[in-house]
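Subject: Structure for your review

Dear colleague,

Please find below the structure that I am handing over to you. My findings follow directly after it.

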Amino acid sequence: GIKIIDGKTNVYWLFTLLVERRDSFARLLFDAGIESNLVQVRNDIYSIFGFEKADLPVLNSIENKYISLPIGMHIKEEDVEYICNTIKKGW
């Protein structure tokens, strides 16, 4: 139920995942005190584009699955272990 998006070459400021039942996953993280965010939303829903979802099959397929975890110098190894152990519990 979880897939890492390009976790080897593109982890500059976010660690993005595709997650089945994203809302339950986000709740698990929140309850454990782990920050997560959607960060980017699809651009076609903004007023400048007429508030209409375009026919974008790939985006449509992941729109309700992606979520990002922050990374950076403030995340220590024990934080990573805590996050991984929390996720392993399931959601």
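Ala32 is located in the loop that runs between α1 and α2. Please note that the model is a predicted one. With a relative accessibility of 22%, Ala32 is classed as partly exposed, since the buried class is reserved for values under 20%. When residues up to four places away in sequence are set aside, Ala32 touches Tyr82 and Thr86. Ala32 and Phe51 are separated by 19 residues in sequence, and their C-alpha atoms lie 35 Å apart in space.

Helix α1

Gly33 follows α1 and has a positive phi, near 75°. Within the helix, the buried residues are Arg22, Phe25, Leu28 and Leu29. Because these residues cover an arc of only 120° around the axis, they are on the same side of α1. Asp23, Phe30 and Asp31, by contrast, are exposed on the other side of the helix. As for the partners of the buried residues of α1, they pack against β1 (2-4), β2, β3 and α3 (77-88).

Strands β2 and β3

Two of those partners also pair with each other: β2 (residues 14-19) and β3 are antiparallel, with 5 bridges between them. In this pairing, Leu18 is placed opposite Tyr66 of β3. Strand β3 spans residues 66-70, and 4 of its 5 residues are buried, so the rest of the structure largely encloses this strand.

The loop between α1 and α2, and its nonpolar patch

Val41 also belongs to the loop between α1 and α2. Its relative accessibility is 37%, and Val41 therefore counts as partly exposed. Apart from neighbours within four places in sequence, Val41 is in contact with Tyr46 and with Tyr66, the latter being the β3 residue that faces Leu18. Val41 and Glu63 are 22 residues apart in sequence, whereas the distance in space is 8.2 Å from C-alpha to C-alpha.

Ile45 is found in the loop between α1 (22-31) and α2 (57-62) as well, and is partly exposed at 33% relative accessibility. Which residues make the nonpolar surface patch? Val41 and Ile45 do so together with Tyr46, Ile48 and Phe49, and the patch amounts to about 500 Å². One of its members, Tyr46, is also among the contacts of Val41 given above.

Yours sincerely

Terms used:
Residues numbered from 1 in each chain as written. Predicted model: local features only at pLDDT ≥ 70, side-chain atom pairs only at ≥ 80, totals over all residues. Heavy atoms only, no water. Patch = residues over 30% accessible without salt bridge, like charges linked within 9 Å, V, L, I, M, F, W, Y side chains within 5 Å. Areas by Shrake-Rupley, 256 points an atom, 1.4 Å probe, with all protein chains shown as cover. Salt bridge = Lys/Arg side-chain N within 4 Å of Asp/Glu carboxyl O. Helix = DSSP H or I, 4+ residues; strand = E, 2+ residues; numbered from the N terminus. Buried < 20%, exposed > 50% of the residue type's maximum accessible area, 1.4 Å probe, protein only. Pairing = 2+ DSSP bridges. Contact = heavy atoms within 4.5 Å. Arc of directions from axis to C-beta.
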